[in-house]
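Visitor: I am new to protein structures and would like to learn how to read one. Could you take me through some features?

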Amino acid sequence: MATIVGAVGTSHTPTIGFALDTQKQADPSWAPIFEGYEPVRQWLAEKKPDVLFFIYNDHLTSFFFDHYSHFALGVGDSYPVADEGGGPRKLPPVKGHPRLAQHIATGLVADEFDLSFFHGKGLDHGCFSPLSALWPHRPDWPGAIIPFQIGVLQVPGPTARRCYNLGKSLRKAIQSYPEDLKVAIVATGGLSHQVHGERAGFNNTEWDLEFLELLEKDPEKLTEITTAEYARRGGWEGTEVIMWLVMRGAMASHVKKLHQSYYLPSMTAIGTAIYEDEASEPTDETPEAYLERICRETKGIEDIEGTYPFTLDTSVRSYRLNRFLHKLINPKNRRKFLSDPETAFEKAKLTEKEREMVRTLDWRQMIHYGVNFFMLEKLGAVVGTSNLHIYAAMRGESLEEFQKTRNAKVLYSVAGQDEGKIDWDKANSR
């Protein structure tokens, strides 16, 4: 079974990554940052976790207000450094752990936490600024991460109590994972700071130290504090410290703090901390009972003939082809695909198998491969094929054979105004 070897709390200000990239280790103004991270680096080197469950918030880089979730779990197999405006930092992509991420997703959803899921997105300084300071990365990272993005930049947002309770659910999910993995929980954000408005530059060292003390000894008290009170004490952007409560909830009731550092060089108070469980605690469910409960909703679904549920595993495995087909909703991409499909395939780095399925419009094989039906529907609109033609092909029937099973012989698709995309309707009307 997977085990939680401990937890790390760390700020994620871009100051950290900047100091590392510009080699400020010997500069007296910057040196305390590196001194605070050295015990964390040593602890991680000693524990050798296979996976870091990495709690952070994106800064409107890969996640924007057109779709902004409270909790977004990374389920992909790799994460590059995001470009935040001046080019990405020179760091290698970090591997994900899709299998553990999918197991955690199943557990959290079963415990009534509504999640969104992502892959194919870059991670910004909320992740890579502290990660590059606490884990070696030349030539590559020593393990994988599961990024967990929390939407703290817009209200109403998740509460401190919600984060803490999610951490408790996270603990059960990780500890029930059947593979022998060592997992460390890393929470980022804070400490006190405000970077906007007339209050920009606000800090509160007294509150920061009180927060760290309560996090260790009385986290329940932190769950009673409102967002407004967190903002009053620690600055508006400093409210992100509630993300540390996910980490604390994933630990035992009693923890031992192995390390703590605090430094306020400029705009953001930078803190680090290491925690380990004081002792193991009994759980209210056996691993067997827990697994049966969280899998209850989908148990037996694989036995339904001719049915292919679009799972997180399917999403990761077939992401490249689904992404290619999804991009056809852009008129420019449609024109390029229709005029020169082979160049479009090459640009998308589709495999030969994926290319052949699209070339031949093998609708049934694409479903078996993991393409979501609504991507087939879009491809049908692009090439001028009705939904009914696709339905018939998936059943291995001709259109005429399939229509004999319908109450009315109608044809339709999602095609709009593009010329020639519903010519089958004219032929059907004759």
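Visitor: Let's start with Arg161: why does Arg161 count as partly exposed?

Guide: Happy to help! This is a predicted model. Partly exposed is the band between under 20% relative accessible area, called buried, and over 50%, called exposed. Arg161 has a relative accessible area of 35%, so it is partly exposed.

Visitor: Which side chain does Arg161 meet in a salt bridge?

Guide: First, the general idea: side chains of opposite charge can pair when their charged atoms come close. Here the side chain of Arg161 meets that of Glu220, at 3.6 Å from N to O. The pair links distant parts of the chain, with Arg161 in helix H5 (residues 160-175) and Glu220 in helix H7 (residues 219-223), 59 residues apart. Glu220 is partly exposed too, because its relative accessibility is 33%.

Visitor: How many salt bridges does the structure hold?

Guide: There are 23. One network of salt bridges links Asp111, Lys172, Glu285 and Arg293.

Visitor: What parts does the pair of Arg334 and Asp418 tie together?

Guide: Start with the bridge itself: the closest N and O atoms of Arg334 and Asp418 are 3.1 Å apart. Arg334 lies in helix H13, while Asp418 sits in the loop between helix H19 (399-403) and helix H20 (423-429), so the pair ties together parts that are 84 residues apart in sequence. Arg334 counts as buried because its relative accessibility is 16%, whereas Asp418, at 37%, counts as partly exposed.

Visitor: Are Glu297 and Arg296 buried or exposed?

Guide: Glu297 counts as exposed, at 69% relative accessibility. Arg296 is exposed as well, with a relative accessible area of 61%. These two form a salt bridge, and their closest N and O atoms are 3.5 Å apart.

Visitor: Now for charges without a bridge. Which residues form the positive surface patch?

Guide: To join a patch, a residue needs over 30% relative accessible area and no salt bridge. The positive patch consists of Arg323, Lys327, Lys332, Arg335, Lys336 and Lys347. Helix H13 (residues 331-339) gives the most to this patch, with three residues. Arg323 belongs to helix H12 (residues 319-326) and counts as partly exposed because its relative accessibility is 38%.

Visitor: And which residues form the nonpolar patch?

Guide: Leu60, Phe64, Phe65 and Leu153 do, and together they have about 330 Å² of accessible area. Phe65 is found in the loop between strand E2 (51-56) and strand E3 (71-74). With a relative accessible area of 36%, Phe65 is partly exposed.

Definitions and conventions
Residues numbered from 1 in each chain as written. Predicted model: local features only at pLDDT ≥ 70, side-chain atom pairs only at ≥ 80, totals over all residues. Heavy atoms only, no water. Patch = residues over 30% accessible without salt bridge, like charges linked within 9 Å, V, L, I, M, F, W, Y side chains within 5 Å. Areas by Shrake-Rupley, 256 points an atom, 1.4 Å probe, with all protein chains shown as cover. Salt bridge = Lys/Arg side-chain N within 4 Å of Asp/Glu carboxyl O. Lys, Arg positive; Asp, Glu negative; His and termini not counted. Charge placed at Lys NZ, Arg CZ, Asp CG, Glu CD. Helix = DSSP H or I, 4+ residues; strand = E, 2+ residues; numbered from the N terminus. Buried < 20%, exposed > 50% of the residue type's maximum accessible area, 1.4 Å probe, protein only.
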